[in-house]
Amino acid sequence: MHYTVCKELNSVILSVSSQINFVCLISRQGKVRLTKWYSTYSQKERSKAIRELSGVILSRGPKLCNFVDWKGHKVVYKRYASLYFCICIDEEDNELEALEVIHHFVEILDRYFGSVCELDLIFNFHKAYYILDELLIAGELQESSKRTIAKLISAQDNLVEVAKEEASSLSNIIAQATK
Amino acid sequence: MALSGMRGLSVFISDVRNCQNKEQERLRVDKELGNVRTRFKNEKGLSPYEKKKYVWKMLYIYMLGYDVDFGHMEAVSLISAPKYPEKQVGYIVTACLLNENHDFLRLAINTVRNDIIGRNETFQCLALTLVGNIGGREFAESLAADVQKLLISSSCRPLVRKKAALCLLRLYRKNPDVVNVDGWADRMAQLLDERDLGVLTSSMSLLVALVSNNHEAYWSCLPKCVKTLERLARNQDIPQEYTYYGIPSPWLQVKTMRALQYFPTVEDPNTRRSLFEVLQRILMGTDVVKNVNKNNASHAVLFEALALVMHLDAEKEMMSQCVALLGKFIAVREPNIRYLGLENMTRMLMVTDVQDIIKRHQAQIITSLKDPDISIRRRALDLLYGMCDVSNAKDIVEELLQYLSSADFAMREELSLKAAILAEKFAPDLSWYVDVILQLIDKAGDFVSDDIWFRVVQFVTNNEDLQSYAAAKAREYLNKPAIHETMVKVSAYILGEYGHLLARRPGYSPKELFTIIHEKHPTVSTSTIPILLSSYAKILMHTQPPEPELQNQIWTIFNKYESCIDVEIQQRAAEYFALSRKGASLMDILAEMPKFPERQSALIRKAEDAEVDTAEQSAIKLRAQQQMSTALVVTDQRPPNGMPAQPSIGPLSLVKVPSETVDSQNPGDQGLTHPNGVVYKEDPQPPSQDIIGDLLGTLSIEGPPGAVAQSPQSATYEAEGAPSAADAAALVPVGEESGSVQPIGNINERFYALCLKDSGVLYEDPNIQIGIKAEWRAHQGRLVLFLGNKNTASLGSVQALILPPTHLKMELSLVPETIPPRAQVQCPLEVMNLRPSRDVAVLDFSYKFGPTMVNVKLRLPAVLNKFLQPITVSPEEFFPQWRSLSGPPLKLQEVVRGVRPLPLPEMANLFNTYRLTVCPGLVSVIPCVSDRFMNLLNMFLLVEVELTGVPLSLV
């Protein structure tokens with residue numbers, strides 16, 4: 001058999017650098033605890049992705065590696081107690097880097113909630129979103145200092161508190177005035 | 001546990017958590033959605049607090065996977081709230097609920113812009129985060145310039161600037177044509193001097209995106225990247241909070257090395273030297289430590305360094321170092337490192353010089369092909385595929401073939417495709433290629449697409465030295481008792497075409513070839529019959545002088561198929577029959593097939609297409625293109641006349657990586673339906689259990705009436721799991737309830753009788769009689785329904801519907817709507833059995849007589865034993881096989897008592913009606929063997945009936 005070597009140069013679609021496509025937290029029972037989408041997915045694609053992915057990841061046994069191939073992408077996941085943290089990255093991305101983004105996130109959650117558990121994230125899912133937004137933007141790591149993130153989050157909490165107090169003092173004033 | 005601070009939200013969340021099942025949850029969620037919807041309708045009365053609460057609830061519901069198709073407006077409108085708490089919720093919920101294509105986002109652009117250019121830092125952060133996460137084209141158009149200003153502004157604090165960098169990255173990545181980055185090289189270079197590591201990390205990500213698109217403009221950033229890397233690797237001046245398990249920001253290190261991989265080379269000797277020093281330090285200085293996170297982080301850096309070394313085409317010494325490291329990694333216990341070792345070794349194949357060193361690890365890589373983790377197995381397969389060349393193709397392909405027999409379904413498809421491609425690309429000689437493909441078909445016929453066997457035929461046709469070899473091989477495979485249908489196709493084709501080349505060898509006479517091919521005839525589906533007919537025609541043509549006996553045999557077959565409902569078969573049969581009577585001119589018409597024009601392998605082409613489809617531009621791939629010499633894809637030369645390559649024969653689903661869900665199927669689900677519609681079954685246990693139970697069951701029907709009632713198997717035909725229509729109650733004609741039309745005779749008895757014979761009455765009432773006549777051949781059957789109108793008036797609205805169980809494929813020809821008076825209509829019904837099952841097909845039949853509508857549901861006697869085919873086996877052959885079966889569920893025993901004494905010939909007759917043959921020469925033991933049950937799952941069924949307590953005189 002004789003072949004000539006040929007390589008198509010022009011048909012490769014140019015996709016600029018790689019990134020995290022989405023992050024999701026799934027409980028061992030398959031309940032979704034948090035999802036954040038950095039690439040554009042429609043509502044339908046989102047639920048399909050989560051459904052399929054939980055099937056793949058929840059069925060994997062322990063002591064296997066933390067990476068699975070998934071539709072031309074890779075999903076890096078790690079289980080913490082009853083929760084699976086999953087990050088979908090591109091094929092050429094650095095898997096271990098993503099794995100440590102997960103751990104970094106968990107450590108920040110841990111610091112904020114004080115040994116975080118699934119229940120914290122269920123009832124305070126909005127806080128988890130605030131924290132995630134300080135950690136990742138556009139599917140890229142924004143900040144690697146836990147201290148900086150902690151400071152920013154507590155500053156946000158303060159702002160909310162202050163507004164609350166203002167509101168209540170305002171309503172006090174109104175209440176006083178209308179007495 | 002910190003509480004959310006919103007009581008209503010917490011209560012709702014606990015309610016959902018307390019739901020016992022999905023249904024309850026849905027009810028609770030629907031109730032809440034209704035509530036939120038009404039509250040939003042009278043928006044005026046909502047306090048900011050309430051509004052916040054409701055949009056959080058919406059997000060929570062959305063997260064649970066329910067559709068939330070309203071309230072987007074409310075979420076977006078919160079963005080323009082004046083106070084931080086509401087604004088924050090608006091931004092976050094909007095970014096989660098919507099994607100860049102939502103129209104509502106447009107409404108927010110102005111507010112977002114005001115927040116970005118405004119003075120409030122916290123508002124700026126919120127706005128940048130939203131745009132960074134979901135900003136689309138319009139955002140890029142109206143905001144990019146403002147975001148750029150923020151990024152380089154000296155008055156902005158780092159917390160705003162790092163967000164601005166990533167926001168800009170998003171806008172640029174999505175719409176590089178909109179975002180103007182002219183002259184940004186200097187700015188980026190400045191940003192790389194940034195002291196704040198948060199801003200530096202974000203800026204480095206931005207740089208990666210910029211250089212991946214156009215490295216030329218950013219040469220000035222290269223030395224700065226190297227400096228940054230040096231600083232990090234040497235841990236110089238890195239604040240404590242930016243070290244992660246003692247490692248200076250591993251993420252920034254990885255990003256920096258990623259950016260460097262987009263520059264084709266490092267020219268400046270000083271920079272190059274410093275870079276190599278750092279890389280050397282990383283390669284040598286990374287140790288395996290106990291702490292898993294530290295280990296992961298340091299190896300993340302190490303693997304990125306490896307990639308950079310590969311990219312830079314370092315000196316051979318350093319490359320060998322890298323391969324040595326990888327060689328170590330693929331043998332470690334830690335699965336992540338093993339996985340990455342294999343993956344990076346595959347990437348390393350791009351480097352020409354090291355391929356020989358990689359080959360030394362072949363044995364270890366083959367071990368990983370058997371790893372318990374499918375992720376690792378896939379990487380090992382990729383690597384073996386990539387490292388295969390002429391020197392090791394034989395070993396690797398044979399290894400893949402061997403693994404094929406035990407590989408999980410999720411991988412078989414990919415494995416067979418890769419083995420086929422490698423065999424074609426690197427075959428040391430063509431006979432080996434033929435061997436491999438035939439083995440492939442033999443072991444994984446279901447996964448071998450038509451393209452693959454077409455290709456073998458092409459090669460054999462075009463290479464004369466190969467023809468007799470291929471014919472001999474094909475003959476060998478046909479000797480096997482159970483072969484895949486694709487094997488029948490390819491063997492029949494090759495033997496028809498080239499079998500005559502071996503005519504002088506014993507066993508290769510035309511008659512013998514015909515017999516061995518025709519033996520497979522009962523097992524094949526309609527798609528193969530045309531190939532068989534052609535093959536017979538060719539054999540006939542090659543039989544010189546003609547052998548009348550063979551001629552008659554073949555003519556009979558042609559004759560039979562001249563009335564086949566399949567047009568292709570019918571036409572071939574008719575034409576071959578006519579042609580074969582033309583004598584000498586037959587030779588010209590059926591002469592040997594001409595050589596095929598040289599074509600690009602459809603297989604390789606499709607594999608290529610798939611690669612291109614999923615290709616993502618990346619540093620490695622860019623590089624792969626720069627280095628043409630290492631291209632792995634080779635192709636045939638295209639014919640000069642630009643003839644289209646092989647006509648496409650259906651979508652080649654092989655290239656797709658099968659989803660892993662198959663892997664996770666529980667063992668009970670092994671009867672998988674493959675996407676191409678072929679059913680395969682690996683586990684022979686459940687079916688054989690079924691069959692034996694079934695046979696014993698039906699046996700007892702012939703016993704005394706009492707035994708029938710007691711025997712649990714007497715209900716075999718009640719078919720557990722069959723459509724509910726099959727149960728006894730459903731068999732009562734609907735008409736009966738109205739008292740107008742009563743069936744004549746017992747429907748059940750008629751059905752049981754038809755299970756044992758092939759023609760008879762299925763149903764009768766005063767108006768109609770439905771008779772049945774059946775012919776069975778292997779897994780196929782042809783039934784004819786005779787619908788006879790007994791009246792002197794027409795029967796109208798005649799409808800016959802077949803409700804087949806999943807294992808049967810049934811096709812009923814058109815049933816006329818009216819049956820004229822005293823007329824009989826014949827409706828052929830084709831049946832194909834896909835796998836053994838005791839489920840029963842049901843005929844849903846209705847007609848109208850006068851004003852009365854009659855509807856009956858009748859079980860059809862297309863039952864299991866009809867598909868059995870007896871073969872004769874000597875006791876010597878029978879007993880070893882029987883003993884090798886280990887017991888339940890492969891072997892079941894059933895003692896039937898109270899059977900009335902039966903003379904042996906009668907007993908044998910009884911078995912014959914079940915299509916079981918009694919082996920001759922056995923006295924007290926009657927082994928019966930039936931075989932070849934269907935085309936895909938050829939299984940043997942062995943039954944041994946021992947007669948005890950039977951008066952000897954009868955034996």
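Student: In this predicted model, does B:Ile557 count as buried or exposed?

Tutor: B:Ile557 belongs to helix 29 of chain B, and the judgement rests on the share of its area that stays accessible. Buried means under 20% relative accessible area, and B:Ile557 has 10% relative accessibility, so B:Ile557 counts as buried.

Student: Which residues is B:Ile557 in contact with, leaving aside its neighbours within four places in sequence?

Tutor: One helpful pair is B:Ile557 and B:Tyr536, which stand 21 residues apart along the chain while their C-alpha atoms are separated by 9.3 Å. With the neighbours within four places in sequence left aside, the residues in contact with B:Ile557 are B:Phe514, B:His518, B:Leu533 and B:Tyr536.

Student: Helix 29 of chain B packs with helix 30 of chain B, so how are the two helices oriented to each other?

Tutor: Two packed helices are described by the angle between their axes and the distance between the axes. For helix 29 (residues 548-561) of chain B and helix 30 (residues 567-579) of chain B, the angle is about 140° and the axes are 8 Å apart. Angles over 145 degrees would count as roughly antiparallel and those from 65 to 115 as roughly perpendicular, so helix 29 of chain B is, relative to helix 30 of chain B, oblique.

Student: What is the handedness of the crossing in which helix 29 of chain B passes helix 30 of chain B, and how many charged residues does their contact have?

Tutor: The crossing of helix 29 of chain B with helix 30 of chain B is left-handed. On the side of helix 29 of chain B, the contact is made by B:Trp555, B:Phe558, B:Asn559 and B:Tyr561, while helix 30 of chain B brings B:Ile569, B:Gln570, B:Ala573, B:Tyr576 and B:Phe577. Sorted by class, the contact of helix 29 of chain B with helix 30 of chain B has seven nonpolar and two polar residues, and the number of charged ones is none.

Student: Turning to chain A, how are helix 4 and helix 5 of chain A oriented to each other?

Tutor: Helix 4 (residues 125-135) of chain A and helix 5 (residues 146-177) of chain A have axes 10 Å apart and pack at an angle of about 135°. The crossing of helix 4 of chain A and helix 5 of chain A is right-handed. Because an angle over 145 degrees is needed for roughly antiparallel, helix 4 of chain A and helix 5 of chain A are to each other oblique.

Student: Which residues of helix 4 of chain A meet residues of helix 5 of chain A, and how many charged residues take part in the contact?

Tutor: From helix 4 of chain A come A:Lys127, A:Tyr130, A:Ile131, A:Glu134 and A:Leu135, and these meet A:Ile149, A:Leu152, A:Ile153, A:Gln156 and A:Asp157 in helix 5 of chain A. In the contact of helix 4 of chain A with helix 5 of chain A, six residues are nonpolar and one is polar, and the charged residues number three.

Student: Phi has a positive value in A:Ala138, a residue other than glycine, so is A:Ala138 buried or exposed?

Tutor: The phi of A:Ala138 is near 55°, and A:Ala138 is placed in the loop between strand 7 (136-137) and strand 8 (140-141) of chain A. Since the relative accessible area of A:Ala138 is 1%, A:Ala138 is buried.

Student: Phi of A:Lys63 is also a positive value; is A:Lys63 buried or exposed?

Tutor: A:Lys63 has a phi near 65° and is found in the loop between helix 1 (43-58) and strand 4 (67-70) of chain A. Exposed means over 50% relative accessible area, and because A:Lys63 has a relative accessible area of 79%, A:Lys63 is exposed.

Student: Which residues does B:Lys773 touch, not counting residues up to four places away in sequence?

Tutor: B:Lys773 lies in strand 7 (residues 768-777) of chain B, and its C-alpha is 9.3 Å from that of B:Pro828, although the two are 55 residues apart in sequence. Not counting residues up to four places away in sequence, B:Lys773 touches B:Asp758, B:Ser759, B:Arg782, B:Leu783, B:Val784 and B:Phe786.

Student: Looking at whole chains, how many helices and strands are there in chain A?

Tutor: Read along the sequence, chain A follows the pattern β-β-β-α-β-β-β-α-α-α-β-β-α. In chain A, with its 179 residues, 59% are buried. The elements of chain A are five helices and eight strands.

Methods
Residues are numbered from 1 along each chain as its sequence is written. Chains are lettered from A and ligands numbered from 1 in the order in which they are written. This is a predicted model: local features need pLDDT of at least 70, side-chain atom pairs count only at pLDDT 80 or more; totals for chains, interfaces and linings use all residues. Side-chain values use heavy atoms; hydrogens and water are left out. Helices (H or I, at least four residues) and strands (E, at least two) are DSSP runs, numbered from the N terminus. Buried means under 20% relative accessible area, exposed over 50%, partly exposed in between (1.4 Å probe, protein chains only). Axes are lines fitted to C-alpha atoms, for helices over the stretch in contact, and angles run from 0 to 180 degrees between N-to-C directions. Angles under 35 degrees count as roughly parallel, over 145 as roughly antiparallel, 65 to 115 as roughly perpendicular and the rest as oblique. A crossing is left-handed if the near helix is turned anticlockwise from the far one by less than a right angle, and right-handed if clockwise. Contact means heavy atoms within 4.5 Å. Ala, Val, Leu, Ile, Met, Phe, Trp, Tyr, Cys and Pro count as nonpolar, Asp, Glu, Lys and Arg as charged, and the others, Gly among them, as polar.
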